[in-house]
Amino acid sequence: MEIPLSSPDITGLEIEYVTKVLRTPDLSLGPKLVEFETKMAEFVGVKYAIAVNSGTSALHLIIRALGIKDGDEVITTPFSFIASANCILFEKAEPVFVDIDPLTLNIDVNRIEERITEKTKAILAVDIFGYPAEWNRLEQIAKEYKLKLIEDSCEALGAEYKGRKAGTFGEAAAFSFYPNKQMTTGEGAIIVTNDREVANLCRSMRNQGRGNSDDWLEHQRLGYNYRPSDINCALGIAQLKRIEELLGKRERVAQMYNMKLKDWQEVKIPCSSPDVRRSWFVYVVVLQDKYSREDRDNILQELRKRGIGCSNYFTPIHLQPFYVEMFGFRQGGFPVTEHVSERTVALPFYNNLSEPEIDFVVQSLKEIVSNLRK
Ligand SMILES: Cc1ncc(COP(=O)(O)O)c(C=O)c1O
């Protein structure tokens, strides 16, 4: 049996929508871009949505639109995908890491204030693995210290925190549509915001800094080509039409894993809270403290030998080789992040994963772990 780590959920609807665009001359900046943005803004519940070609581009444009620049500091989490800190480096600002809460795996809101300095301009929090950060507290801190608040919700489309949707808390938020995400556009992402100025700047910068003029070769500001094609947007429209179905299928798979793993003492299953709707992005278990990084790596290797896709989400950002080189970070700098990241096992997770496949994964994991030190 071969079970991939992730797999998109594409039906005839997506193929139909994409094929229709291919029969028109509008493959870029066409009506599907506008339609996709309108529908995304409606879904998240914000005024503006700007589609771009990746989550990384989305975060970069947000950083620029908020005026974060050389010499500024941005507080963020070291337990994330690299792009959530890199977007700060793109503008020569400095990521200031704050360790995570061991339960939610999101930035520890109780440790943020001690890292705020005169140079701090923003907090960029991540809804890791689709579990919302503590947005109420983050909003309070941002307000008190007059900081911008950025939501890296790339992994959390559809998540809710105390009845409010991810993407509606900060100045702006990013959702990614890479193929392993809740919905996909192949490559792509969306920026959402209620701030008209931020929206206008992002819209301009994704399109080479063009303004509203009819002159295609007039550029108002430094910009990029971060446009998604209308083919990507048509795929997004079809996926968004199915979004509750997609989220529901993921919930079902996650609950099956939860049921089969909750009474097994060797791992911690993903956390939950009545205050929160997690939008399931991945299914990551954390091995108990007694296991080492080596044990975890052996488990991944053995799972792969059995044809089971898996991963070690995430290596701490501060320990990535070029961060070590640039900032001199060392092992021990952010102990909670390091402890967790040495013990994570991301299991296969996608909408159409069947119960027999889940049983095979769970059974294999249990066998491998019990054979570990024999
Ligand atoms: C937390 C987080 N931020 C940013 C990104 C970047 O998104 P993309 O891969 O679309 O550039 C990802 C994506 O994988 C992510 O998980």
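Me: How far from an oxygen atom of the ligand does a polar side-chain atom of Thr56 lie?

Reply: This is a predicted model, and in it the distance is 2.6 Å. To read such a pair as a polar contact, one looks for N or O atoms within 3.5 Å. The pair at Thr56, at 2.6 Å, is one example.

Me: Which atoms of the ligand are paired with the side chains of Asp152 and Glu155?

Reply: At Asp152, the partner of a side-chain N or O atom is a nitrogen atom of the ligand, 2.7 Å away. At Glu155, the partner of a side-chain N or O atom is an oxygen atom of the ligand, at 2.6 Å. As for cover, the ligand on its own has 380 Å² of accessible area, and the protein covers 92% of this.

Me: How many residues are around the ligand, and which come nearest?

Reply: A residue is counted here if one of its heavy atoms lies within 4 Å of the ligand. There are 13 such residues, and those that come nearest are Gly55, Thr56, Asp152, Glu155 and Lys181. Sorted by class, the shell holds five nonpolar, five polar and three charged residues.

Me: Which helix gives the most to this shell?

Reply: That is helix 3, which spans residues 55-65 and gives three residues.

Me: In which pocket does the ligand sit?

Reply: The ligand sits in the second largest pocket, whose volume is about 350 Å³. The lining of this pocket has 22 residues, and Phe81, Ser176, Tyr178, Asn180 and Lys181 lie nearest its centre. Lys181 is also among the residues that come nearest to the ligand.

Me: What does the lining of the second largest pocket consist of, by class and by helix?

Reply: By class, the lining divides into 10 nonpolar, eight polar and four charged residues. By helix, at least two residues come from each of helix 3 and helix 4 (83-90). Helix 3 gives the most, with three residues.

Me: What volume does the largest pocket have, and which residues are closest to its centre?

Reply: Its volume is about 460 Å³. The lining has 21 residues, with Arg203, Ser204, Arg210, Gly211 and Asn212 closest to the centre. Helix 2 (31-44) and helix 6 (196-206) each supply at least two residues of this lining. Helix 6 provides the largest share, six residues.

Me: How do the residues of that lining divide by class?

Reply: The lining of the largest pocket has five nonpolar, seven polar and nine charged residues.

Me: How should one read the backbone, and where is the peptide bond that is cis?

Reply: The general idea is that most peptide bonds are trans, and that most residues other than glycine have a negative phi. In this structure, the bond from Tyr313 to Phe314 is cis, with omega near -10°. Phe314 belongs to the loop between helix 9 (293-305) and helix 10 (321-327).

Me: Is the phi of Leu29 positive or negative, and where is Leu29 placed?

Reply: Leu29 has a positive phi of about 50°, although Leu29 is not a glycine. Its place is in the loop between helix 1 (12-22) and helix 2.

Key
Residues are numbered from 1 along each chain as its sequence is written. This is a predicted model: local features need pLDDT of at least 70, side-chain atom pairs count only at pLDDT 80 or more; totals for chains, interfaces and linings use all residues. Side-chain values use heavy atoms; hydrogens and water are left out. A polar contact is a pair of N or O atoms within 3.5 Å; within protein, one must be able to donate a hydrogen and the other to accept it, and residues adjacent in sequence count only if both atoms are side-chain atoms. Accessible areas come from the Shrake-Rupley method with a 1.4 Å probe; for residues, only the protein chains shown count as cover. On a 1 Å grid over the protein atoms alone, a cavity is a set of points where a 1.4 Å probe fits but cannot get out, and a pocket is an open set with protein on both sides within 12 Å along at least five of seven lines; lining residues have an atom within 4 Å of a point. A molecule sits in a cavity or pocket if more than half of its atoms lie within 2 Å of its grid points. Helices (H or I, at least four residues) and strands (E, at least two) are DSSP runs, numbered from the N terminus. Ala, Val, Leu, Ile, Met, Phe, Trp, Tyr, Cys and Pro count as nonpolar, Asp, Glu, Lys and Arg as charged, and the others, Gly among them, as polar. Grid points are joined across faces, edges and corners, and a volume is the space filled by probe spheres set on the points.
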